Amino acid sequence: MAMHTQQRLGILTSGGDCPGLNAVIRAVVNHATLTYDWQVFGIPYATQGLLERQMIPLHMHSFDLRGIDPLLSMGGTILGTTNKGDTLAQKDEILASYAALELDALIAIGGDGSLSILSQLAAQGNWQFIGIPKTIDNDVALTERAVGFDTAVNTITDALNRLTFTAASHDRVMVVEVMGRGAGHLALQAGIAGGADVILLPEIPYSLKNLCGHLTELRNRWQRRFAIILVAEGIHLAQDAWAQPDQRPTCGKGQYIADGIAQFSPYPIDTRVSVLGHIQRGGIPSALDRLIAAAFGKTAVDLLAKGHSNQMVAWQNSKVVAVPIDQMCAMSPCPVDPNGDLVQTARALGIYLGE
Ligand code: F6P
């Protein structure tokens, strides 16, 4: 039983990093200390820090440089993070460590996988626990937005703007591969915002023949001699003859599509492939991600103050609400709706999305 008088709140970041994590930490620290006079401790490297019984006291303005708080605009996470390890296999040690740290509550900023594992630990250890969704993939169910997604969409959009002009200058087809695991939210939203001609998503089957048909129509009907093709990393390989099991490519999905175009196009096409990779996870958080980070951090602290546990803060209809973590886990990862408004909008604008 904890002997201290001041409430002790732990905070950790878990899973892949993304822009906006530090802005959430800042919001939690400021609100918990200013409004409730709690002590806040950062736990480094997620459950690894718990296991090693490490924690760092966090104070308002403790990172200031000449009075400027860098947390608001800094990418990554000052706490460090990890997306590896079999946490549940070490559950007894983690539960013992949590008790030894004398924490009264824990806030975790993570994706659906991390929040699912931590909420199971919280249930077994009787921790008071609140989750905050983050991921550039935006595949956490029950929230329209996760921290980090908007910045990643902006980063990809910026890359598409840049690629458009070099593509147009050389009459090239630029194939751009983006992240998202099995979900196509990043590709779909950045593709519409960045003016892509083709967007390939894990959720919608495509055909190289139809894709090449679309490029031919762009050229013959609209005299467009270049094109931008956005490929989500999680697309499923086409069922074309070229993709027989014994000929499965070992290259990335972007390169696969570029090779497929070379194979199926009725005329020679000069293609180049860009894999944006972890560039999508870097950079300073956008204004929207900072706003969501602030609202999520504030609400997570208020939920704890009201005695709630095993809830996740979520963005629904421009408001922050609380949803049960169990329910979120059961519905995650959340894919793009192939019949949803955004897909229909993209099709209406003449973008090829498969089938
Ligand atoms: O889940 C976030 C994400 O960036 C995915 O989009 C991507 O597939 C994966 O993480 C990359 O993980 P890692 O950082 O281990 O390379």
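## The mixed sheet

Two strands pair if DSSP finds at least two bridges between them. By that rule, 7 strands of this predicted model form an open sheet with mixed pairing. The strand order is β3-β2-β1-β4-β5-β10-β11. The edge strands are β3, residues 56–58, and β11, residues 319–324. Each of these edge strands pairs on one side only. From one strand to the next, the twist averages 30°.

One pairing can be followed in detail. Strand β1 covers residues 8–13 and is joined to β2 by 4 bridges. The two strands run parallel. Leu-9 has Val-40 as its bridge partner in β2.

## Helices on the mixed sheet

Helix α1 spans residues 21–36. It lies across β1, β2, β3, β4 (105–110) and β5 (129–133). Its direction is at about 175° to β1.

Helix α4 also packs on the sheet. The strands touched by α4 are β1, β4, β5 and β10. The direction of α4 makes about 180° with that of β5.

## The parallel sheet

Another open sheet has 4 strands, in the order β7-β8-β6-β9. Its pairing is parallel. Strands β7 (198–200) and β9 (271–275) stand at the edges with a single partner strand each, so one side of each has no neighbour in the sheet. Neighbouring strands here are turned by 15° against each other on average, direction ignored.

Look at the β7 edge. There, 3 bridges join β7 to β8, which covers residues 227–232. These two strands run parallel. The bridge partner of Ile-199 in β8 is Leu-230.

## The largest pocket

The largest pocket has a volume of about 580 Å³. Its lining is made up of 29 residues. Nearest its centre lie Gly-15, Gly-16, Asn-83, Lys-134 and Arg-181.

Helix α4, residues 112–125, supplies the largest share of this lining, with 5 residues. The same helix α4 packs on the mixed sheet. By class, the lining of the largest pocket holds 14 polar, 9 charged and 6 nonpolar residues.

## The second largest pocket

The second largest pocket has a volume of about 390 Å³. It is lined by 21 residues. Closest to its centre are Asn-138, Glu-144, His-185, Gln-189 and Cys-334.

Three elements can be named here: α6 (185–193), β10 (311–316) and α11 (341–348) each give two or more residues to the lining of the second largest pocket. By class, that lining has 11 nonpolar, 6 polar and 4 charged residues.

## The loop between β2 and α2

This loop runs between β2 (39–42) and α2 (47–51), and Pro-44 sits in it. The relative accessibility of Pro-44 is 8%. Buried means under 20%, so Pro-44 counts as buried. Beyond its neighbours within four places in sequence, Pro-44 is in contact with Gly-49, Gln-54, Met-55, Ile-56 and Leu-79. Pro-44 and Thr-82 are 38 residues apart in sequence, yet their C-alpha atoms are 9.5 Å apart in space.

Tyr-45 lies in the loop between β2 and α2 as well. Tyr-45 is partly exposed, with a relative accessible area of 47%. Its phi is near 55°, a positive value in a residue other than glycine.

## Backbone exceptions

Most residues other than glycine have a negative phi, and most peptide bonds are trans. Tyr-45, with its positive phi, is one exception. Asn-317 also has a positive phi, about 50°, although it is not a glycine. Asn-317 lies in the loop between β10 and β11. Its relative accessible area is 66%, so Asn-317 is exposed.

Which peptide bond is cis? The bond from Ser-332 to Pro-333 is, with omega near -5°. Pro-333 lies in the loop between α10 (325–331) and α11.

Key:
Residues numbered from 1 in each chain as written. Predicted model: local features only at pLDDT ≥ 70, side-chain atom pairs only at ≥ 80, totals over all residues. Heavy atoms only, no water. Axes fitted to C-alpha atoms, helices over the stretch in contact; angles between N-to-C directions. Buried < 20%, exposed > 50% of the residue type's maximum accessible area, 1.4 Å probe, protein only. Contact = heavy atoms within 4.5 Å. 1 Å grid on protein atoms, 1.4 Å probe; cavity = no way out; pocket = protein on both sides within 12 Å on 5 of 7 lines; lining within 4 Å. Points joined across faces, edges and corners; volume = space filled by probe spheres on them. Nonpolar A, V, L, I, M, F, W, Y, C, P; charged D, E, K, R; others polar.
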